[in-house]
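Thanks for sharing this one. Here are my notes for you to read alongside the structure, starting with the ligand and then moving on to the cavity.

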Amino acid sequence: MAIVTQVQLKNFRNIPALQWDCSPHCNLILGQNAQGKTNLLEALYFLSHTKSNRCSQDYELVTAGELPCNTAVSEKIPASPKTEGCLIQATVQRLGIHTMDTQLEAKILPATHGKSGWRTQFRLNQQPIKNRSQLLGQFPTVSFYSTDLLLLRGGLPQHRRHWLDAATAQLNPLHISHLSTFQKVLQHKNHLLRQLHSPQLSSDQQAVLEVLNTQLATSMSLVISGRLRYLEALAPHFEACYSKLCAAVEEKPTLYYKVAGFSKVFTSKSSASLVGLAGLSPAEWEAHYTDRLTQTMGLECQRQQSQTGPHRDDISVELGTGLLANRFASQGQQRSLVLALKLAELALLEAHLQETPVLLLDDVMAELDPIRQQQLLQNLPHQAQVFITTTHWDATTTASLETLLTANAPLTIWEVSQGQLRLK
Ligand code: ATP
Ligand code: MG
């Protein structure tokens, strides 16, 4: 079981400094809007995933300018050489896995050697690490955000891809390296395409694009294979969780991975009904992307943008009735499907690690009706350490949370105000 015992933050978003001894059971974080509740959970998420769930650039986590100030940090504003940057640190106990505590640290600092911008430095047990993937898996978490409730219907494909990649990387830390290699090559290629003055390529440009396409085909095949392996393992948990939530009233939904330009490639139904390209090995995916990239090269030069790859893929769910949940699910179905997806993520991670992850629940109870609140709470592992934020909390939910999650241990209530945390 993973437990965060201590958190230290410095210049993290609106939190100037924090030294926090957390409860190993349920930490309820209360506070008005814009006080720092989500920021606290984001710090934990960052150490668990080595990336934020709210921004793509680490420097946005650094407190903007002089406090109090809530203007966003802009890339265009170079870091002042005097700034200390931001510190995010936590001590994690892995009961039954490691005898020693694990210390995870991230520092977001101004770039050195006269360069502008920022750099992120990670340490594991005080030792610097070179690659983010070395930190993944050290601090397993599963998060539920109120915005996740829009994951299927209303959410954007990039949110679904972000969720899928973050969940995949917790089981397979190399996924984050594959993804980052892919994104770097893709960025390079898009940069080159934007520089083209005519769709007619010179022989030099053609040669560079071919090299980039070869690198892309390899990295794309690794990214998609990682995602599909994850979904394949997730699918039975997803079906089981949905049946549990809906007490088998509805037919099982089906989870699909959609490859851009193709229809269905992966389904959570039995392997006999796998459609199209499902079940391809990484080498076969590489051959597939090599062909696709060659076919689309003309179009890419014309549109000056890459047209194929897993950065355009999506996931979707088909209801038992055959209708697409992304377009036709009712409010209630949509919420149950998302809860089933998140509970399946939790079940799979627990089964894989043989350990209970830390749960991060951000403002999620307020968005759920009483039935789904109970469904969520009843299906969470009772012994897990929980961080849960809310602006208000009623007596019924407190009582059920206490009995469900903390098994005789008291609920610890924290209050956050203007980035300062105190025991209530
Ligand atoms: P809500 O209940 O509305 O969700 P919250 O307590 O979860 O509120 P947070 O998202 O944690 O609020 O944000 C708290 C404050 O931190 C906001 O005022 C936000 O503008 C501010 N903030 C965000 N990023 C930075 C930053 N880099 N520097 C300084 N302040 C920031
Ligand atoms: Mg919030």
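1. A good place to begin is the company that ligand 1 keeps: sorted by class, its shell holds 10 polar, 4 charged and 4 nonpolar residues. Please keep in mind throughout that this is a predicted model.

2. Which residues come nearest to ligand 1? Of the 18 residues around it, they are Asn-33, Ala-34, Lys-37, Thr-38 and Ala-64.

3. The polar contacts are worth a look on screen. An oxygen atom of ligand 1 sits 2.9 Å from a polar backbone atom of Asn-39, and an oxygen atom of the ligand is 3.2 Å from an N or O atom in the Arg-54 side chain. On the nitrogen side, a nitrogen atom of ligand 1 lies 3.0 Å from a backbone N or O atom of Val-62. As for cover, ligand 1 on its own exposes 650 Å², and the protein buries 79% of that area.

4. Now for the cavity. Searching the whole structure at 30 Å³ or more turns up 1 cavity, and the volume of the largest cavity is about 30 Å³.

5. What lines the largest cavity? Its lining consists of Ala-167, Gln-170, Leu-171, Tyr-230, Glu-345 and Leu-349. Helix 2 (157-171) and helix 7 (331-353) are the elements that give two or more residues to this lining, with helix 2 providing the largest share, 3 residues.

6. By class, the lining of the largest cavity is made up of 4 nonpolar residues, 1 polar and 1 charged. You may like to set that beside the shell of ligand 1, with its 4 nonpolar, 10 polar and 4 charged residues.

Definitions and conventions. Residues numbered from 1 in each chain as written. Chains lettered and ligands numbered in written order. Predicted model: local features only at pLDDT ≥ 70, side-chain atom pairs only at ≥ 80, totals over all residues. Heavy atoms only, no water. Near = heavy atom within 4 Å. Polar contact = N/O pair within 3.5 Å; in protein donor to acceptor, adjacent residues only side chain to side chain. Areas by Shrake-Rupley, 256 points an atom, 1.4 Å probe, with all protein chains shown as cover. Nonpolar A, V, L, I, M, F, W, Y, C, P; charged D, E, K, R; others polar. 1 Å grid on protein atoms, 1.4 Å probe; cavity = no way out; pocket = protein on both sides within 12 Å on 5 of 7 lines; lining within 4 Å. Points joined across faces, edges and corners; volume = space filled by probe spheres on them. Helix = DSSP H or I, 4+ residues; strand = E, 2+ residues; numbered from the N terminus.
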